[in-house]
Amino acid sequence: MHPKRKNKLILIIFMVVGLGSAVGLMMFSLSQNIDLFMTPTQIANGEVKPGKTIRAGGLVVAGSVVRSNDGLNVSFAITDGAANVTIEYEGILPDLFREGQGIVALGKVDSRNVMVASEVLAKHDEEYMPPEVQHALDKAHNDGVENLQKNIEEKAKSLNDQPTTEKQY
């Protein structure tokens, strides 16, 4: 084999091995950092391995919230309409947390099929809008209405100022 051809072949082999190693490391890294979203039905059916970090979402079951007297421990159940799963959490719950509200919890399922959450997020109403944005939209709407009224008045005035050329028969 010619030396130039041999050098090119070695270079290509190293590039393929290097690229393969980089892709393999990225895939391994990503698989360790992915938190899968699971429904209460999937958790209740045992589709989650104990100790695996997941995200679970559903509605807080009415009457299921139990707070401990001595600390920040809270236990509640979530449902997707088909199954209920108990979640235990230690910490301050979000302000929007309440029974019947949608939540997403990040945590691990234990051997009792209870999710021990490290984080609880409460979903807000889709109609919510920050006050600053609402004010800006209201102002833009009012300015638009005023401009529309001015345009209508100007057109009406220009139509009234034009001489009429009616033909009489």
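1. Of the 169 residues of the chain, 21% count as buried, and this figure, like every other value in this note, refers to a predicted model. The chain exposes about 13100 Å², of which carbon and sulfur atoms supply 58%. Among the contacts in the chain with a separation of 6 or more, 46% are accounted for by residues 24 or more positions apart.

2. As to the overall fold, the secondary structure comes to 3 helices and 7 strands, and when the chain is read along the sequence these elements follow the pattern α-β-α-β-β-β-β-β-β-α.

3. Strand 6, residues 102-109, deserves separate comment, since 7 of its 8 residues are buried and the strand is therefore largely enclosed by the rest of the structure. Strand 6 pairs in the antiparallel sense with strand 2, residues 53-60, over 7 bridges, and in this pairing Gly57 stands opposite Val104 of strand 6. With strand 7, residues 115-122, strand 6 again pairs in the antiparallel sense over 7 bridges, and here the bridge partner of Lys108 is Val116 in strand 7.

4. The hairpin of strand 6 and strand 7 has 5 residues between the strands, and within this hairpin Asn113 takes a positive phi near 70 degrees. Asp110 lies in the loop between the two strands, where a polar contact of 2.8 Å joins its side chain to that of Arg112. When residues up to four places away in sequence are not counted, Asp110 touches Pro50 and Val116, the latter being the residue of strand 7 already named as the bridge partner of Lys108.

5. The largest nonpolar core has 20 residues, of which Ile43, Phe76, Ile87, Ile103 and Val120 touch the most other members. Strand 2, strand 4, strand 5, strand 6 and strand 7 each supply at least two residues of this core. As general background, nonpolar side chains tend to be buried together in soluble globular proteins.

6. The count of aromatic pairs comes to 1. The rings of Phe76 and Phe97 have their centres 4.9 Å apart and their planes at 65 degrees, and because planes over 60 degrees apart count as edge-to-face, the pair is assigned to that class. The pair links distant parts of the chain, with Phe76 in strand 4 (residues 73-79) and Phe97 in the loop between strand 5 (84-90) and strand 6, 21 residues apart. Both Phe76 and Phe97 are buried.

7. Ile43, already named for its place in the largest nonpolar core, touches Met38, Val48, Ile54, Ala56, Val85, Val109 and Asn113, not counting residues up to four places away in sequence. Asn113 in this list is the residue with the positive phi in the hairpin of strand 6 and strand 7.

8. Val85 lies in strand 5 and, at 3% relative accessibility, counts as buried, because the cut-off for that class is under 20%. Leaving aside neighbours within four places in sequence, Val85 is in contact with Pro40, Ile43, Ala44, Phe76, Ala77, Ile78 and Asn113, and this list includes Phe76, a member of the aromatic pair. Val85 and Thr39 are 46 residues apart in sequence, while their C-alpha to C-alpha separation in space is 9.1 Å.

Conventions
Residues numbered from 1 in each chain as written. Predicted model: local features only at pLDDT ≥ 70, side-chain atom pairs only at ≥ 80, totals over all residues. Heavy atoms only, no water. Buried < 20%, exposed > 50% of the residue type's maximum accessible area, 1.4 Å probe, protein only. Helix = DSSP H or I, 4+ residues; strand = E, 2+ residues; numbered from the N terminus. Pairing = 2+ DSSP bridges. Polar contact = N/O pair within 3.5 Å; in protein donor to acceptor, adjacent residues only side chain to side chain. Contact = heavy atoms within 4.5 Å. Phe/Tyr/Trp six-rings, centres within 6.5 Å; stacked < 30°, edge-to-face > 60°. Areas by Shrake-Rupley, 256 points an atom, 1.4 Å probe, with all protein chains shown as cover. Core = buried A, V, L, I, M, F, W, Y, C linked by side-chain atoms within 4.5 Å.
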